[in-house]
Amino acid sequence: MPADVATPMSTAAPRAPRLDPKDLTYKISGGLILLGLAFWLGVNLFHDPAQFFTVAIDGLKNGALYALIALGYTMVYGIIQLINFAHGDLFMLGTMMSAFIITTVFGQKAPSLAGYGAFAVAMIVSMAFCGGLNIGIERFAYRRLRRAPKLAPLITAVGVSFVLQFVGLHWNGSGQRQWQTVLPNTQFNINGVVIDVKTVIIFAVTIPMLLILTWLVTKTKQGRAMRATAQDQDAARLMGINVDRTIAFTFGIGGALAGAAGLMYQQVVGSTAYNLGYQLGLIAFTSAVLGGIGNLAGAVLGGLLIGLIQGLNDGLSYGLGQQWSQSVVFTILILLMVFRPAGLLGKNVTEKV
Amino acid sequence: MTGHKAIEDRSNRRWAIGFTAVAVFLFVLYHWIVPNGPSWLHDFVQGWFSNANTNEMIVYIIMALGLNVVVGYAGLLDLGFVAFWAIGGYVAGWLMSSFLGNFKINIFGNPAPGLEMGIHVTFWWVLLAAGGFCAIWGIIIGAPTLRLKSDYLALVTLGFGEIIPQVFINGQDINGFNLSNGNQGITPIDPIRFFGFRNLGPFDLDYKFVIYAVICAGMVMVSLRLRQGRLGRAWLAIREDELAASMMGVPLMRTKLAAYAVGAFSGGLGGVVFATHINGIFAERFNFSISILILAMVVLGGMGNVWGVMVGAIVLSWINGIGLQQFGNTVNGAFNTNIDFPSFNFLIFGSLLILMMMFRREGFIPEARVRLVMHEHEDDNEEVH
C-alpha cells in the first residue's frame, strides 16, 4: 500500500505502456472475477435454461425501475455533485401517492377500463407530486448550500431523507401495506420461459420515458442549458443561462421519474412501506455508480445490470439466494470502486488544482 | 509555539479533572444516592437519566470520538461505521461466551458457572483484540479505496456497512458453520471481573459505568494527543487540501489509513463495551441508521472538536435512547393525549440535521478552523472562484 504514496493522482489516465506490477495485479484479479462470473452464469444456463431466462426477465423488470430511480441520482450528481440521499424516499412517497390515488380516491382494485384510467391519472399526479416536491426540497434545503463544503449538502440530504421517511411513516403506518393492482395478472409462457404481463407494461412505460428524456437532454434548449450547467456553472451563468432554474428543472425531472417508478412499483409489487426508499434508493444509487455517475445512459445500463444480477442471484438454483441479495449488490459496488471507480461508461477525471 | 503548548498542557490537565469529577459524581449518584434517596428522585433519575442510558451514551461517545478521527480530523466521509461496531461486538461474542462450544479455552477469562465451554478471555484483552481486528478490517477496506475521491469513498464504506451486518444476520449457516447465531444473537456474555473483587452481571450497571468511563477517558486522551501530534497535523493538512498536503510531503495513503485504523479501533471498542453492557450481541441492531446517528453526533457536535463531539454524542444518544420517549410520556400524561412521540424521531433528527446545516454548519462547539472552512464561500455567490 505505501507504493503509490508519492502519486496522489494514481487513478488518473493511464501512462506509458510500461507495465506496472500493481496495475497487472489489478487487471489479473479483475479478469478472474469476471471469469468466475461468466462460469457461474454458464453453469446455471446449462442447468436449466428456461428458469435462467425467467429469472433474468424478472430481474430486468426490477432493473427498469432501478434505472428510473438511478436517473434521478445521476442527473442531480451530474449537475451539482450531490449524492441526493433523499431521492429514494421521494420514490417511496411516489408509491404511496399512487396507492392513494388509485385505491383510495378512485377505489379501483381490479383490472378494468376505469382501473387503467386511474393508473393514467395516478401516473400524472405521482410524477407531478414527486417532481414538485423535489423542486421544493432543492429550493429550500440545497440551494443555499451550493457553495458550502460538500459534507454540508450531503448531511442535509440525509436530513431530508429522514423528514420524508417521517411523512411516509405517518402516511403508511410502520408496517408494510399490501395493495391490489389494477394491472392484469396474466403470464405468457414461451417454451417454458414465463413472462409476466406487468413486465411488458413496465417496459412499455419506461422505454418511451427514456426516449423523451434523451430528446429533452440532447435536443432542447433546456437540455443544453443542463449540460452547460453541469460542465461549468459559472461559465454557464456568463452565457446567460439561468443556473438556478436549470438546476430546479433537473431536480423536477429526476423527481418525476422517481414518481413514475413509484407508481409502477406499487402496482407491480403491490406493497408500500416507509423504509422502502432507503433500500431501493441504495440499490438505485449503486446502479448509477455502476454505469458511471453523471452519465444518463450509464444509469440505465447500471440499473438493468443490477436488476439482472439481483434477479439471477435470487432466483437461480445455484445462487446465494435472496437473503444475500443486498450483500451481492454492495459487493459489486465495492469491487467496482476498486477496479473501475469511474463506472462502466464513465470517464476518469483528473484532479485539477 | 511554546506558549501554545503550555496552554494545551494546562487544558489537558483541566479536562482530566473535570472528567473524573463528572464520572465520580455519576457513580456516587447511581450507587448510593439513588438507591437510598427518596422515591421521587429514584423515579426522576430512572426516567430521565437512567443508568443504562448513561452507559449507552458512553458507548456512543467512544464511537463518535473514533469517527471524529476519520471525519473530523482527516476529512474522510464514512457512512458505514456501524460495521466496525458490529465486528467488535462479535469479537466479544466469540471470545467472551460459550458460543464457540467446540473449544474450551480460558485465558484469564471469567465464565459464568455452567458455561465453561467456549472461549473465555478477559475483558481487557478482548478490548484490544476487537480493536485490533477492526483496525485490520479498516485497513482492508481502506487500502484499495482510499485513493478514490471522497464521494466514492463514502459509497464504499456505505456498502461495507450494509454487507457486514447482513453477513452476521445470515451467519448462522455459512456452509454449515455457525458464525454469528443469526437473528438469535449471542448471549450471555461473560461478566467483567471488576478489579478482582466482583463479577459484574447484567445489573451491575454502576460498576460497569466506572469501567466504561475509564475506557472513554482513554479514548478522549488518545483523541487529544493524536490531534496535537505529527499525525494529527498531517490529517488536518489532508482534510484542508489533499493535493497541497501531498506536495508538502505528507504520505497520503499511510496517513489516511492511520485515520481509518484508529476510527475502526474505537468502533471495535464500542462494540465490546456495548456487548458487555446489554449482555449479548443481536444482529438486527446494526443498521444504517446507526451509522448516520454516529455521523450526526460528530457533525452536529462540531467536527474535529473532541468536546463538541462528546456533547453531540451525549445529546443525540439521550434523545434517541430515553429523552424523547420520556418527554412524550410526560406530555401525554399532562395533557391526557396519546401522541406516539418516538415516531417523531425521524422528524426531529431530520430537521435538526437540515437546520444545523443551514444555520450552524460547524456544529454546537466548533473547531475554529472548521468554522472558517464551512463559511469560506459564504459571501461570494456571484464571484468566480
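Start with chain B of this predicted model and colour it by its domain assignment: domain 1 spans 72–286 and domain 2 spans 289–373. Put a marker at the C-alpha centre of each, and you will find domain 1 of chain B and domain 2 of chain B 24 Å apart.

Next, select the contact between these two domains, with 13 residues from domain 1 of chain B and 10 residues from domain 2 of chain B. On the domain 1 side, show α3 (51–73), α4 (82–95) and α7 (205–228) of chain B, each of which supplies at least two residues. The largest share of that side comes from α7(B), with 3 residues. Colour the domain 1 side by class and you get 8 nonpolar, 4 polar and 1 charged.

Now bring up the largest nonpolar core, which has 220 residues. Domain 1 (72–286) and domain 2 (289–373) of chain B both give residues to this core, so it lies between them. Pick out I62(B), A64(B), I294(B) and M297(B), the residues with the most contacts inside the core. Then switch on chain A as well: its helix α2 (residues 49–80) provides the core's largest share, 16 residues.

Stay a moment at I62(B). Leaving aside residues up to four places away in sequence, I62(B) touches I215(B), C216(B), M219(B), S266(B), L269(B), G270(B) and V273(B).

Last stop: the contact between the chains, made by 42 residues from chain A and 44 residues from chain B. On the chain A side, select α5 (151–172) and α12 (325–339), the elements that give two or more residues. Here α5(A) gives the most, with 12 residues. By class, the chain A side has 27 nonpolar, 9 polar and 6 charged residues.

Key:
Residues are numbered from 1 along each chain as its sequence is written. Chains are lettered from A and ligands numbered from 1 in the order in which they are written. This is a predicted model: local features need pLDDT of at least 70, side-chain atom pairs count only at pLDDT 80 or more; totals for chains, interfaces and linings use all residues. Two residues are in contact if their C-beta atoms, placed from the backbone, lie within 7 Å. Helices (H or I, at least four residues) and strands (E, at least two) are DSSP runs, numbered from the N terminus. Ala, Val, Leu, Ile, Met, Phe, Trp, Tyr, Cys and Pro count as nonpolar, Asp, Glu, Lys and Arg as charged, and the others, Gly among them, as polar. A nonpolar core is a set of buried Ala, Val, Leu, Ile, Met, Phe, Trp, Tyr and Cys residues joined through C-beta atoms within 7 Å. A residue is buried if 20 or more other C-beta atoms lie within 10 Å of its own, exposed if 12 or fewer, and partly exposed in between; C-beta atoms are placed from the backbone. Domain bounds come from an automatic or database domain assignment.
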